[in-house]
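New notebook page. I'm going to look at the overall fold, then the ligand, then one tryptophan.

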Amino acid sequence: MNSLEFEIREFTEGDAEKTSKMLIAAFEWFHKNDKQSWLYRSFAPRKLIQNSKALDILIASRDSEIIGFISSSNSLFGVAYIPTVAVDPAHQRSGIGKKILNQKLAVLKKQGMRKAWLLVTSINLPAITFYLKEGFVIEGYLRNHTGPGLDEVLFSKFLS
Ligand SMILES: CC(C)(COP(=O)(O)OP(=O)(O)OC[C@H]1O[C@@H](n2cnc3c(N)ncnc32)[C@H](O)[C@@H]1OP(=O)(O)O)[C@@H](O)C(=O)NCCC(=O)NCCS
């Protein structure tokens, strides 16, 4: 496999350990290796397995590595929430995020969702650039939301 070849598939419980390590590495900028922080704890393998029962999770895998992740949950009113998108830091900026996001949006559309929304921390300029490039627009701004001094930008996209 060359650096751009990977498979996108559904998360299974057997992926939890490797997925946990990848997510912890991808969000180091947020939790700063504080094992007590809510985000670090939310990526524990046991928690991922528990969350996978309520969320629809796709992962990107390359050989036996997990290099990408996206989760979502649908609503009865046709709007899907995307809690987490992440790409292994070693593989960022090679199109994996774009591919896994667009595959997820295509699945959501097929499932009858007409809109998707998500939150991005206001200091996360790479992600803000990424979502704007993918056609998301800003619909709101939540102050001191995911922690003191941590504002969240609310992005959405209609799946027309
Ligand atoms: C946001 C994230 C998922 C993007 O994934 P990625 O695979 O690196 O993104 P892609 O390679 O598909 O990039 C697509 C476009 O987004 C923009 N982009 C992505 N990363 C960027 C960065 N660090 N700086 C500026 N623009 C960036 C670029 O326009 C890029 O296109 P280009 O490379 O042709 O210029 C990734 O940076 C990540 O996992 N970040 C850590 C976790 C996180 O913060 N997730 C978002 C909040 S849920």
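What share of the contacts in the chain with a separation of 6 or more comes from residues 24 or more positions apart? I looked it up, and the share is 60%; a contact here is two residues with C-beta atoms, placed from the backbone, within 7 Å.

Note to self: this is a predicted model, where local features need pLDDT of at least 70, side-chain atom pairs count only at pLDDT 80 or more, and totals for chains, interfaces and linings use all residues. Numbering starts from 1 along each chain as its sequence is written.

**Overall fold.** I found 6 helices and 8 strands (DSSP runs, H or I of at least four residues for helices, E of at least two for strands, numbered from the N terminus). From the N terminus, the order reads β-α-α-α-α-β-β-β-β-α-β-α-β-β. The C-alpha trace spans about 40 × 40 × 30 Å along its principal axes.

**Ligand.** I listed 20 residues around the ligand, and Q92, G97, K98, P126 and T129 come nearest (near means a C-beta atom, placed from the backbone, within 6 Å). Helix 6 gives the most to this shell, with 5 residues. Strand 5 (85-87), helix 5 (96-110) and helix 6 (125-133) each supply at least two.

**W117.** I placed W117 in strand 6 (residues 115-121). Is W117 buried or exposed? W117 is partly exposed, because 16 other C-beta atoms lie within 10 Å (20 or more would be buried, 12 or fewer exposed, and partly exposed is in between, with C-beta atoms placed from the backbone). Leaving out residues up to four places away in sequence, W117 touches V79, Y81, L154, F155 and S156.
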